[in-house]
Amino acid sequence: MRYERQLLIPQIGQSGQEKLKKSKVTVIGVGGLGSPVLTYLVSAGVGRIQMVDCDVVSESNLNRQFLHHTVDIGRAKVLSAQEKLASLNPEVQVSTVNQRLNPDNVKEYISGSDVVVDCVDNAETRIMAAAACMELDIPLVEGGVRGFYGYVMDIGKDYPCLSCLGYDTVKQKTPVPVLGVTAGIIGCMQANECIKLLLGIGAPLYGRMLNYDGLSGNWEEVHVKKAADCPIHARAEAGKRGK
Amino acid sequence: MIEVRFFATFREGRDKVSLLEPKDFKTAGDVLDYFRIRREEVAILLINGLYSPADTAVKDGDVIALFPPVGGG
């Protein structure tokens, strides 16, 4: 039986498994973080998963994006990933959006999701996704990696977001160095947070940025605060009032 | 003392945590200059968990956390 081992976990059980089956998650980005996130959400039996990515597989993706194989070079990432995920667990409905998110379509795509998981590689999309999630009151699991380091944090309308932390002014130099293992570790943590949020169990990482240091082998938590003048929280409030 | 906590690649070539004499530093920017970190290298600068621009005054007991930009995929 596919879910036998997790049904034995008291915090999940049959009722938790039913909850996962009825859940919908949107994963933005089907790369180094998206690969472990999608793999573990699909294998855990999350009922409906939508993945968003407009990119095609390139050879330089293959050190970390394990849903894509050498034969997939040149294929759309969402199609390459869908094939493997369908083979892993045909019980899960995996839908694809092969488009770049923009301010005009982001809310349409994430609407109806119980949780959104951010696995993108640029600050602009991170901020746009966070703004849309807050406006629609959808929990967002945020993660980022660099070299041997990474972090994971949950974002919600009543909790600090990346913009609260001043991240929207970041000018990111690309390509960002990444070890595949680091993306795997942070992606697994994101999948874990997503499952916690879907089931309403444990202590979500709201207001707690959990930082990983793969060189020294440490995890460190940094408590972060919501900014009183955060433009994204203000936009989310204004968007709600405008409804 | 002012505690400075470095994260990710800011740790390389430095201790993870440094303690500074408050009398030597007026702003968070002075702290960055001391460690030869350019403003544009910093993605997140927190003082006691709150986002703070580089010109924010610092005082005894403050904890400054510094993060570089990260990627995703």
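Of the 73 residues of chain B, 38% count as buried, where buried means that 20 or more other C-beta atoms lie within 10 Å of a residue's own, exposed means 12 or fewer, and partly exposed is in between, with C-beta atoms placed from the backbone. This is a predicted model, in which local features need pLDDT of at least 70 and side-chain atom pairs count only at pLDDT 80 or more, while totals for chains, interfaces and linings use all residues. Residues are numbered from 1 along each chain as its sequence is written, and chains are lettered from A and ligands numbered from 1 in the order in which they are written.

Let us stay with chain B for a moment. Chain B holds 1 helix and 5 strands, in the order β-β-α-β-β-β from the N terminus on. Helices (H or I, at least four residues) and strands (E, at least two) are DSSP runs, numbered from the N terminus. The overall dimensions of chain B are collected here.

| Property of chain B | Value |
|---|---|
| Box of the C-alpha atoms along the principal axes | roughly 40 × 25 × 20 Å |
| Radius of gyration | 12 Å |
| Radius of gyration of a compact globule with 73 residues | near 11 Å |

The two radii agree; the radius of gyration is taken over C-alpha atoms, and the globule rule is 2.2 Å times the number of residues to the power 0.38. Among contacts in chain B between residues at least 6 apart in sequence, 56% join residues at least 24 apart. A contact means that the C-beta atoms of two residues, placed from the backbone, lie within 7 Å.

Now to the interface. Here 18 residues of chain B are in contact with 32 residues of chain A. On the chain B side, strand 3 (44–47) and strand 4 (50–51) are the elements that give two or more residues, and strand 3 of chain B supplies the largest share, 3 residues. By class, this side has 12 nonpolar, 5 polar and 1 charged residues; Ala, Val, Leu, Ile, Met, Phe, Trp, Tyr, Cys and Pro count as nonpolar, Asp, Glu, Lys and Arg as charged, and the others, Gly among them, as polar.

Chain A has some well-covered elements to explore. Helix 6 (residues 123–136) of chain A has 14 residues and should span 20 Å at 1.5 Å a residue, which agrees with its end C-alpha atoms being 20 Å apart; the expected span is 1.5 Å times one less than the number of residues. In this helix 10 of the 14 residues are buried, among them A:A129, A:A130 and A:C133. After helix 6 of chain A comes A:D137, with a positive phi near 60°.

Strand 5 (residues 140–146) of chain A is largely enclosed by the rest of the structure, because 7 of its 7 residues are buried. Strand 5 of chain A pairs with strand 4 (residues 115–118) of chain A in the parallel sense over 3 bridges, where pairing requires that DSSP finds at least two bridges. In this pairing, A:V116 stands opposite A:L140.

The largest nonpolar core has 93 residues, and A:A129, A:A130, A:C133 and A:I49 are among those with the most contacts inside it. Such a core is a set of buried Ala, Val, Leu, Ile, Met, Phe, Trp, Tyr and Cys residues joined through C-beta atoms within 7 Å. A:I49 touches residues including A:V25, A:L38 and A:V94, not counting residues up to four places away in sequence.
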